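Colleague: I'm new to this one, could you show it to me and walk me through it?

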Amino acid sequence: MVLLRGGVPMMFAGSEEPAAYGEIISIGGLGPSVNKNISTAVSEILESKLSIPKSRFYLKFSDVNRSDFGWNGSTF
């Protein structure tokens, strides 16, 4: 799932130039090498599609337990 919110005031490194913050949550499967690959892919998309330089965004990775998510009226 992806949610984009444009027009949100954001200060990054003392500047209001285009910037981004993202969170990636997974039920298992995250780790140093996977996170690096995802970060690289996301940075290329942000730069090419939204003109946000690679140096102006952060990604937060969270690997959670299945029981921390609900879907279709129950937990996993």
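Modeller: Before anything else, please keep in mind that this is a predicted model. The protein chain has 1 helix and 4 strands, and, read from the N terminus on, its elements follow the order β-α-β-β-β.

Colleague: OK, and how spread out is the protein chain next to a compact globule?

Modeller: Its radius of gyration is 15 Å, whereas the globule rule gives 11 Å for 76 residues, and because the value is well over that, the protein chain is more spread out than a compact globule. Taken along the principal axes, the box that its C-alpha atoms fill is roughly 40 × 30 × 20 Å.

Colleague: What share of the residues is buried, then?

Modeller: Of the 76 residues in the protein chain, 18% are buried. The area that the protein chain exposes comes to about 6,100 Å², with carbon and sulfur atoms supplying 55% of it.

Colleague: Switching topic, how many aromatic pairs are there?

Modeller: The structure holds 1 aromatic pair. Its members are Phe12 and Tyr58, whose ring centres are 5.4 Å apart and whose planes meet at 40°, so the pair counts as tilted, an angle under 30 degrees being stacked and one over 60 edge-to-face.

Colleague: And where do those two sit in the chain?

Modeller: Phe12 belongs to the segment before E1, while Tyr58 is in strand E2, which covers residues 57–63, so the pair ties together parts that are 46 residues apart in sequence.

Colleague: Are they buried or exposed?

Modeller: Phe12 is buried, since its relative accessible area is 14% and the limit for buried is under 20%. Tyr58, in turn, is exposed, with a relative accessible area of 56%.

Colleague: What about contacts over long stretches of sequence in general, what share join residues at least 24 apart?

Modeller: If we take the contacts in the protein chain between residues at least 6 apart in sequence, 65% of them join residues at least 24 apart.

Colleague: Back to the start of the chain, where does Val2 lie, and is it buried or exposed?

Modeller: Val2 lies in the segment before strand E1, which spans 20–26, and Val2 is exposed, with a relative accessible area of 74%. The C-alpha atom of Val2 is separated by 9.5 Å from that of Gly22, a residue 20 positions away along the chain.

Colleague: Last thing, how many positive and negative side chains are there?

Modeller: The protein chain carries 7 positive and 7 negative side chains, and 4 Å separates the centres of the two sets.

Terms used:
Residues numbered from 1 in each chain as written. Predicted model: local features only at pLDDT ≥ 70, side-chain atom pairs only at ≥ 80, totals over all residues. Heavy atoms only, no water. Buried < 20%, exposed > 50% of the residue type's maximum accessible area, 1.4 Å probe, protein only. Phe/Tyr/Trp six-rings, centres within 6.5 Å; stacked < 30°, edge-to-face > 60°. Rg over C-alpha atoms; globule rule 2.2 N^0.38 Å. Contact = heavy atoms within 4.5 Å. Areas by Shrake-Rupley, 256 points an atom, 1.4 Å probe, with all protein chains shown as cover. Lys, Arg positive; Asp, Glu negative; His and termini not counted. Charge placed at Lys NZ, Arg CZ, Asp CG, Glu CD.
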